[in-house]
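Work through the exercises below with the model open. Try each task before reading its solution.

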Amino acid sequence: MIKLLKNIFTIKTLNRRIRVAFMSLLLLLFFSGAMSLFELERVSKDTEDILIASKENVDLAGDMLTALNEQNDMMITLAVASGRYDEIKHYSDRCEESMAQLSRSTALAQRKMQNTDTPEAADSLAYQVERVNQLTRAYIRGEVHLPIIQAREQGDTTALVVYTHKWYIDEYRPEYEKTVSSITDYMTGVHNTLGPEVNNLSHTARRAVTPVFISLVVMVVIVIMFYFFVYHYYVRPVLRINRSLGDYLTYKKPFDGEMPCRDELVTLRDRIAQLVNKQSKL
Amino acid sequence: MRIHAVIRYIGMVLQFIAAFMLLSAIVSMVNDYDSAFYPLLLSSFLTSLLGLFPLIFAEKVEDIKIKEGYAIVVGSWFVACIVGTFPYLIWGGEFSAINAWFESVSGFTTTGSSILNDIEFLPRGMLFWRAASAWIGGVGVVMFALVILPSMGRSRHMLSNVELSTIAKDNFHYRSRVIIRILTMVYVGLTACTTLALKLAGMTWFDATTQAMSACATCGFSTKNLSVGFWDNPMIEAILMAAMTLSAIHFGILYASMTGRKNNIFRSEVVRTFIGMMTIIAVAISLSLLAEGIYDNWGESFRHSAFQVVSVTTTSGFATADTNTWTPLAIMLLIICSVVCGCAGSTSGGMKVDRMLIASKIIRNRMKVQLHPNAVIRTKVDGAVQDEGVQSLVMTFIVAYIMTVLLGTIIYTMFGLDLVSSLTASIACVSNVGPGFGEVGSLDNFSALPAVLKFNSTVLMLIGRLEIFGFIQLLFIRSWR
């Protein structure tokens with residue numbers, strides 16, 4: 001390794017110097033490009049993950065709200081149902097289905113929120129769903145409110161509607177609204193958990209851009225240095241040799257070409273000097 | 001001036017910086033490839049490539065001229081500060097462009113000020129790089145170029161002209177080649193001993209190494225938000241105090257002491273003044289704090305005051321207490337400490353005890369001459385007569401220092417910073433101390449300052465590190481040709 005470094009630092013041939021210079025530029029381009037691609041790939045994956053998580057969350061919340069609303073609709077319909085057994089059975093079954101759907105969605109939400117910083121949002125939602133479901137179940141079984149039970153037993157439909165309406169407004173509706181609010185809280189909670197990931201995304205995006213920017217700056221500096229060195233060590237000496245040779249041919253001034261380097265140009269200068277000497281002797 | 005020669009030497013310095021970045025990347029790798037690994041690796045690659053170019057193309061130059069030596073030193077500082085921002089910028093987090101520049105300059109100039117609100121959030125690789133930048137800056141970026149230079153002799157002397165102050169060179173009776181060996185031995189030896197002692201005192205290897213690097217560079221970069229106060233360990237504080245004090249003493253004198261030579265720390269008037277000054281101020285502050293009831297007993301009061309005095313005087317900037325809550329007398333004495341600072345020829349910055357000693361003797365002699373107009377009184381330090389040139393230089397430097405501090409203060413106040421914060425921030429930056437008082441206190445940082453003031457702070461740090469005139473000379477670069 002040390003030998004390799006030493007060899008690089010002591011390159012004395014023009015050809016190798018130029019080759020190493022271009023290889024370095026190529027390596028820099030490749031490295032910065034590869035790193036940026038790698039980071040952009042990560043940005044892309046993170047963005048996709050966030051979008052999927054966001055969509056899943058919206059879908060889940062939508063399912064819960066649909067199920068809850070369906071359940072609510074069935075409750076209202078049951079309250080004003082004609083009292084026929086098959087009709088009540090139909091609405092009760094649909095209500096049970098909505099309850100099951102709500103429970104399933106809630107359990108899924110709870111599982112999703114388990115590994116986040118705010119699992120309590122899903123827990124409170126599950127608790128609330130359980131409450132509203134219990135209330136619904138009790139109503140369907142006819143175990144809710146003594147006046148309603150009595151009105152049902154007596155077949156007093158007017159009293160039944162009045163009492164059911166009172167029960168719905170006083171007991172069921174507040175629980176329903178609380179559940180809607182819990183679903184909204186859950187949605188906000190999930191969005192908040194995505195916040196750090198979005199921040200991380202902007203951080204990753206910056207990390208993808210910064211290396212390229214720095215590499216560009218380094219490349220500009222290297223190109224300027226390259227120009228400077230090529231001009232100083234190769235262009236100027238060639239111009240000097242050319243001028244000196246011209247002076248010799250035109251005015252017979254002695255050939256002189258001082259070199260700032262120790263590579264092939266020195267050999268060229270020496271060979272031209274030999275040729276000039278031979279020419280002078282003839 | 002042969003620019004190609006200057007660029008070649010700067011290229012060598014860049015290779016050293018790249019090596020330290022790689023070392024930091026290895027630290028990152030050992031710590032489960034933390035998030036600093038890739039930024040450090042990429043930065044190392046870019047820095048190495050940048051330094052490789054001049055090494056491949058530029059021919060080796062044996063006889064460095066004085067202007068070229070100066071350009072190499074100043075150029076190395078600037079380039080080191082620029083490439084030092086790469087890991088911070090690529091890593092991101094709190095590091096915006098100005099913040100990364102601030103942290104890098106603060107490290108390489110061994111100032112130790114920070115813009116980080118949560119240092120502990122940084123991955124270990126990045127914390128190591130912070131400490132490494134301070135360690136490199138501690139003895140001067142150029143020092144590394146000097147060590148690896150294959151050519152010997154004159155070139156080294158020219159390079160050390162800017163790096164070491166005039167007084168340090170006058171005290172230094174060794175050849176430049178020997179200077180390099182001594183500096184390296186003392187610096188590396190001191191860092192290794194401090195690391196071992198801190199480990200034995202209860203720190204982890206990582207914390208011990210980084211705190212030792214920072215203490216020996218008199219930088220004050222810590223790996224904890226509460227700085228040294230995090231450990232609340234008197235033994236650790238004592239070890240760091242010893243390391244900081246030794247790092248603020250002329251390295252040649254330290255070497256002379258270790259090798260049993262005549263001009264050792266026990267005989268040096270400058271060192272006696274330095275340690276005497278710190279002791280008196282520490283006792284005075286501890287009594288003041290005790291009288292005000294800030295600490296319950298004298299032992300506790302002396303422990304904190306001694307640590308803060310040593311930390312500020314050596315220009316380290318470590319903290320174990322919030323000095324903003326201290327008495328006005330304590331604050332004033334600490335400000336004086338951050339003006340006077342350590343000895344010439346060490347890693348500390350500021351006005352330096354040597355200059356203050358000569359200045360006080362010049363004033364005393366001036367009074368004697370007024371009483372005895374015909375008397376011939378010479379100014380001596382450690383028995384050596386200081387000629388008129390040195391005396392003039394000392395006084396000129398003190399005036400320039402005061403003017404720079406005042407100018408810095410004006411700029412800070414222009415952007416709405418209060419007077420105490422402005423003055424102490426200016427002193428802290430020019431003296432490369434790190435913390436000041438007020439908004440930039442020992443347990444605060446520079447993050448709340450606007451970008452323009454952060455930039456102003458970095459300029460002041462560079463002015464201070466380049467001993468003011470070294471920086472001013474840069475402004476007349478056109479007249480060099």
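**Exercise 1. The interface**

How many residue pairs are in polar contact across the interface of chain B and chain A, counting pairs with both residues at pLDDT 80 or more?

Solution. This is a predicted model, and side-chain atom pairs count only at pLDDT 80 or more. Under that rule, 1 residue pair is in polar contact across the interface of chain B and chain A. Next, identify the elements of chain B involved. Helices α1 (3–30), α2 (37–57) and α3 (66–91) of chain B each give at least two residues to the side that touches chain A. The largest share, 13 residues, comes from α2(B). Now count salt bridges between chain B and chain A: there are 0.

Then take the contact list. It pairs 29 residues of chain B with 33 residues of chain A. About 3,000 Å² is buried between the two chains, and carbon and sulfur atoms give 74% of that area. Phe53(B), Phe57(B) and Glu59(B) supply 26% of the area that chain B buries against chain A, more than any other three residues.

Finally, look at the rings. Phe53(B) and Phe57(B) belong to one aromatic cluster that also includes Phe22(A), Phe226(A) and Tyr233(A).

**Exercise 2. An aromatic pair**

Classify the ring pair Trp135(B) and Tyr187(B), then place both residues in the fold.

Solution. A pair of aromatic rings is described by the distance of the centres and the angle of the planes. Step one: the whole structure holds 21 aromatic pairs over all chains. Step two: the centres of Trp135(B) and Tyr187(B) are 4.9 Å apart and the planes are at 25 degrees, so this pair is stacked. The cut-off for stacking is under 30 degrees. Step three: Trp135(B) is in helix α5 (residues 124–139) of chain B and Tyr187(B) is in helix α9 (residues 176–200), 52 residues apart. Step four: Trp135(B) counts as buried at 11% relative accessibility. Tyr187(B) also counts as buried, at 2%.

**Exercise 3. Charges over rings**

Which rings lie under Arg130(B) and Lys224(B)?

Solution. Arg130(B) lies over the face of Phe221(B), 4.0 Å from the ring centre. The charged end of Lys224(B) sits over the ring of Phe230(B), at 4.6 Å from its centre.

**Exercise 4. Salt bridges**

Describe three salt bridges by distance, position and accessibility: Lys45(A) with Asp49(A), Arg94(A) with Glu70(A), and Glu467(B) with Lys352(B).

Solution. The structure holds 15 salt bridges over all chains.

- Lys45(A) and Asp49(A) meet at 3.3 Å, N to O. They are 4 residues apart in helix α2 (residues 14–79) of chain A, so about one helical turn separates them. Lys45(A) is partly exposed at 49% relative accessibility, and Asp49(A) is partly exposed at 35%.
- Arg94(A) and Glu70(A) meet at 3.0 Å, N to O. Arg94(A) is in helix α3 (residues 85–113) of chain A and Glu70(A) in helix α2 of chain A, 24 residues apart.
- Glu467(B) and Lys352(B) meet at 2.6 Å, N to O. Glu467(B) is in the loop between α19 (451–465) and α20 (469–472) of chain B, and Lys352(B) is in the loop between α15 (328–340) and α16 (353–371), so the pair ties together parts 115 residues apart in sequence. Glu467(B) and Lys352(B) are buried.

**Exercise 5. A loop residue**

Is Arg267(B) buried or exposed?

Solution. Arg267(B) counts as exposed, at 54% relative accessibility. Arg267(B) lies in the loop between α12 (251–258) and α13 (269–291) of chain B.

Notes: Residues numbered from 1 in each chain as written. Chains lettered and ligands numbered in written order. Predicted model: local features only at pLDDT ≥ 70, side-chain atom pairs only at ≥ 80, totals over all residues. Heavy atoms only, no water. Phe/Tyr/Trp six-rings, centres within 6.5 Å; stacked < 30°, edge-to-face > 60°. Buried < 20%, exposed > 50% of the residue type's maximum accessible area, 1.4 Å probe, protein only. Lys NZ or Arg CZ within 6 Å of the ring centre and 35° of its normal. Contact = heavy atoms within 4.5 Å. Buried area = accessible area lost by both parts, 1.4 Å probe. Salt bridge = Lys/Arg side-chain N within 4 Å of Asp/Glu carboxyl O. Polar contact = N/O pair within 3.5 Å; in protein donor to acceptor, adjacent residues only side chain to side chain.
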